[in-house]
Amino acid sequence: MIKLIATDMDGTLLNAAHEISQENIDAIKYAQSQGITVVIATGRAFYEASTPIADTDLTVPYICLNGAEVRDESHNIMSTSHLNHELVERIKSILNKDNVYYQIYTNRGIYTEDPTRDLDIYIDIAKQAGQEADVEKIKAGIQKRIDNGSLKVVDSYEDIEDVPGELIMKVLAFNPDLEKIKAIGEELASISSLAISSSSRGNLEITHAEAQKGIALETIADQLNIDLQDVMALGDNLNDASMLERVGYPVAMENAMPEVKAIAKYVTDTNENSGVGKAIMKFLKEEQNK
């Protein structure tokens, strides 16, 4: 019996416009009305994850930065897991050696040394999704994030750790050369203190080994005294695998990577067609009809 649901955001709960459909909202509300806790589990930082939710009247806990930060329904931080100086230096050394661009995510914002490289990333992501990139719209979005302070431009990443209270939670690396990024991912994965995943083709999400969606979800389930066999998890990409591997109801989106579909017991509709809402209602109605 489903007692806890965790859903990824990009490519899962959100459509291409980064919005939550009314069908998805209604299904989440229905689950909550049945006493089921619904958790957002995302690679986004909280200040990015909370924006689409704020446009709805949903109240949910958050697993952010692939598990590096967990917040309750009132947005209080429940746990964090950051990268220490030694790990950050090892990551930077490997990425710099191969001239791979990366952003640094902290507890306070996202840092970039070159916003023009961010533009290239978003254009490439759109192309890989079979979409035509709206360059001016992407530029405007990047500038908006700079203006509101969620994206911070720095001359050098070396300065970040000197800021009191600044904790590095995640490094997001990108390169369009898929063979190169795969090799770098394997090299980073050899460091036992790191967790390496991906949220889209050509990127690497690098966090502390304890910062994984599946670990964070398992902790939440333990706190609620819920068996993992009574948990549903929905996702589309490799950073969702640690959730789907652990739960009794692993659901992949129709647009999910083949590796994710292989883990799932059920494949729902695409993120564009409210696959999250459809899956939630399918399983809850089936349980009620037993």
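**Close-up views of side-chain contacts and surface charge**

**View A. The side chains of E187 and K97 form a salt bridge, with 3.1 Å between N and O.** The structure shown here and in the following views is a predicted model. E187 belongs to helix α7 (residues 178-189) and K97 to helix α4 (residues 85-97), so this contact ties together parts that are 90 residues apart in sequence. E187 has a relative accessible area of 30% and is therefore partly exposed. K97, with a relative accessible area of 54%, is exposed, because the limit for that class is over 50%. The structure holds 17 salt bridges, and further examples appear in Views B and C.

**View B. A salt bridge joins the side chains of E166 and R108, at 3.5 Å from N to O.** E166 is located in the loop between β8 and β9, while R108 is located in the loop between β6 and β7, so the pair ties together parts that are 58 residues apart in sequence. Which of the three classes, buried, partly exposed or exposed, applies to each partner? E166 has 9% relative accessibility and so counts as buried, since buried means under 20%. R108 has 42% relative accessibility and counts as partly exposed.

**View C. Within helix α11, K282 and E286 form a salt bridge whose closest N and O atoms are 2.6 Å apart.** The two residues are separated by four positions, about one turn of the helix. K282 is partly exposed, with a relative accessible area of 28%. E286 is likewise partly exposed, at a relative accessible area of 38%. Elsewhere, salt bridges that share partners connect D8, K213 and D240 in one network.

**View D. Four aromatic pairs are counted in the model, and this view presents the one formed by Y102 and Y157.** The ring centres of Y102 and Y157 are 4.9 Å apart and the ring planes meet at 35°, so the pair is tilted. An angle under 30 degrees would count as stacked and one over 60 as edge-to-face. The pair links distant parts of the chain, 55 residues apart: Y102 is in strand β6 (residues 101-106), and Y157 is in the loop between β8 (151-153) and β9 (168-174). Both Y102 and Y157 are buried.

**View E. The rings of Y249 and F283 are arranged edge-to-face, because their planes stand at 85°.** Their centres are 5.7 Å apart. Y249 lies in strand β13 (residues 249-252) and F283 in helix α11 (residues 275-288), so the pair ties together parts that are 34 residues apart in sequence. Y249 and F283 are both buried. Together with Y266, these two residues form one aromatic cluster. Helix α11 thus also appears in View C, where K282 and E286 both lie in it.

**View F. A patch of negative charge on the surface is made up of E113, D155, D159 and D162.** E113 is placed in the loop between β7 (110-112) and α5 (115-128). How accessible is E113? Its relative accessibility is 37%, so E113 counts as partly exposed. This value also satisfies the patch rule, because members need over 30% relative accessible area and no salt bridge.

Terms used: Residues numbered from 1 in each chain as written. Predicted model: local features only at pLDDT ≥ 70, side-chain atom pairs only at ≥ 80, totals over all residues. Heavy atoms only, no water. Patch = residues over 30% accessible without salt bridge, like charges linked within 9 Å, V, L, I, M, F, W, Y side chains within 5 Å. Areas by Shrake-Rupley, 256 points an atom, 1.4 Å probe, with all protein chains shown as cover. Salt bridge = Lys/Arg side-chain N within 4 Å of Asp/Glu carboxyl O. Lys, Arg positive; Asp, Glu negative; His and termini not counted. Charge placed at Lys NZ, Arg CZ, Asp CG, Glu CD. Buried < 20%, exposed > 50% of the residue type's maximum accessible area, 1.4 Å probe, protein only. Phe/Tyr/Trp six-rings, centres within 6.5 Å; stacked < 30°, edge-to-face > 60°.
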